[in-house]
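Colleague: I would like to learn how to read a structure piece by piece, and I would be glad if you took me through one slowly.

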Amino acid sequence: MSAQLYDVIILGAGPAGLQAAIHAARRKVSVLVIGQSSKSSAYNAHIENFCCTATQSGAEMLEIALSKAQEAGADSLEKDVMALDIDNGQYIVETAGGEVLKAHALVLAMGISRNKLNIEGEKALVGKGVSYCVDCDGPLFKGEAVAVVGCGSAAVGAALTMIFYASEVHLVCEALDVEAFLAEKLRQSDVLLHEGRKVVRIQGSDAVSGLVLDNGDELAVTGVFIELGAKGAVDFAGKLGILLDDTMKYISANKKQETNLPGVYAAGDICGPPWQVAKSVGEGCTAGIEAAAYAVKRKSEKG
Ligand SMILES: Cc1cc2nc3c(=O)[nH]c(=O)nc-3n(C[C@H](O)[C@H](O)[C@H](O)COP(=O)(O)OP(=O)(O)OC[C@H]3O[C@@H](n4cnc5c(N)ncnc54)[C@H](O)[C@@H]3O)c2cc1C
């Protein structure tokens, strides 16, 4: 049986992918969006800083976005993509369910997976005090005691930012790994540095109430920011020959969200920070419009 051919296949059902689906489908091309909204970074988030939705629940926002994409005419498939390939100018997409599909154009909107501590309490308390994004959630901890975990510039920057909001900021780090000027800035700040220490457990049942260090010390905090950097799109892009940006972590895309491969577009967190819904939907909109135009042009060239 031959693989079903779509004009545009979108990988990822987060804000970037769903916005791309809405804009592509409204251009009367066939569109399939593959991915699980429940795995989007936004799903468990409480979104306060996005201008354009009445709800602050990430899950609700994604549900609305998916219905808008479907109303616009996009098909959806709640699967993960396992492999991408190219054959004679068409892109081949293989899902974890064994489906093989083809497309004239692709939009890559698979987000990023934030590096985790993988310790007790972390997973259960995401969105309940555990966060991977100071820019997003920092203001929610006004006047509270928080901890930042990590040793690099992202962690130190996050700790220094949190000084403006929190009553007390701890930085837990095995060995500080930043430029001298940033280390000095940290030393001159009110951040309480726990160098040479690891976090072994995050405490709390419904919300974070503290964390435990490897020497048995307990820190009474209501927020834990895990700033260990983020895994990028390297693995996925590598096989297809998609170029990454200078950091070698994110897909390189221009203002039309074009990658170096004709017909392949990228949008959202996968293109790098700031990791925000507003940026993701903006890039998704552009990628959807451009991918649809590419598919139409390619079909007309083929006759
Ligand atoms: C705790 C938390 C709080 C946040 N708070 C805010 C906030 O207040 N304001 C704000 O603007 N932003 C916030 N963010 C960031 C925001 O959620 C992201 O910037 C946004 O979701 C990025 O959208 P995206 O579509 O690029 O990626 P995502 O939303 O992460 O979506 C990625 C999609 O790709 C899919 N996918 C991944 N791999 C594959 C694959 N192989 N095959 C198929 N599908 C795949 C996933 O299942 C998912 O559907 C927060 C994030 C977190 C984690």
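Colleague: Is strand β10 enclosed or open, and why?

Modeller: This is a predicted model, and burial in it is judged by counting, since a residue is called buried if 20 or more other C-beta atoms lie within 10 Å of its own. In strand β10, which covers residues 168–173, five of the six residues are buried, and therefore the strand is largely enclosed by the rest of the structure.

Colleague: Which strands pair with β10, and in what sense?

Modeller: To read a pairing, look at the direction of the two strands and at the bridges between them. Strand β9, residues 145–149, pairs with β10 in the parallel sense over five bridges, and there A145 stands opposite E168. Strand β11, residues 192–195, is also paired with β10 in the parallel sense, over four bridges, with H170 of β10 standing opposite L192.

Colleague: What do the helices between these strands make with them?

Modeller: Here one follows the chain from strand to helix to strand and asks about the hand of the path. β9, helix α4 (residues 153–162) and β10 form a right-handed β-α-β unit, and β10, helix α5 (residues 180–187) and β11 form a right-handed β-α-β unit as well.

Colleague: How many residues surround the ligand, and where do they come from?

Modeller: A shell is read by listing the residues around the ligand and then asking which parts of the chain supply them. There are 40 residues around the ligand, and the closest are G12, G14, G35, G111 and G268. At least three residues of the shell come from each of domain 1 (4–112 + 232–302) and domain 2 (130–226), while α1 (15–25), α3 (134–137) and α7 (277–302) each supply at least two. Sorted by class, the shell holds 20 nonpolar, 15 polar and five charged residues.

Colleague: Where is N88, and is N88 buried or exposed?

Modeller: For a single residue, one can read its place, its backbone angle and its neighbour count in turn. N88 sits in the loop between β4 (81–87) and β5 (90–95), its phi is near 55 degrees, a positive value in a residue other than glycine, and N88 counts as exposed because it has 6 C-beta neighbours inside 10 Å.

Colleague: Which peptide bond is cis, and where does P274 lie?

Modeller: The angle to read here is omega. The bond from P273 to P274 is cis, with omega near 5 degrees, and P274 belongs to the loop between β17 (264–266) and α7.

Note on methods. Residues are numbered from 1 along each chain as its sequence is written. This is a predicted model: local features need pLDDT of at least 70, side-chain atom pairs count only at pLDDT 80 or more; totals for chains, interfaces and linings use all residues. A residue is near a molecule or strand if its C-beta atom, placed from the backbone, lies within 6 Å of it. Ala, Val, Leu, Ile, Met, Phe, Trp, Tyr, Cys and Pro count as nonpolar, Asp, Glu, Lys and Arg as charged, and the others, Gly among them, as polar. Domain bounds come from an automatic or database domain assignment. A residue is buried if 20 or more other C-beta atoms lie within 10 Å of its own, exposed if 12 or fewer, and partly exposed in between; C-beta atoms are placed from the backbone. Two strands pair if DSSP finds at least two bridges between them. A crossover is right-handed if, with the strands pointing away from the viewer, the path from the first strand over the helix to the second runs clockwise.
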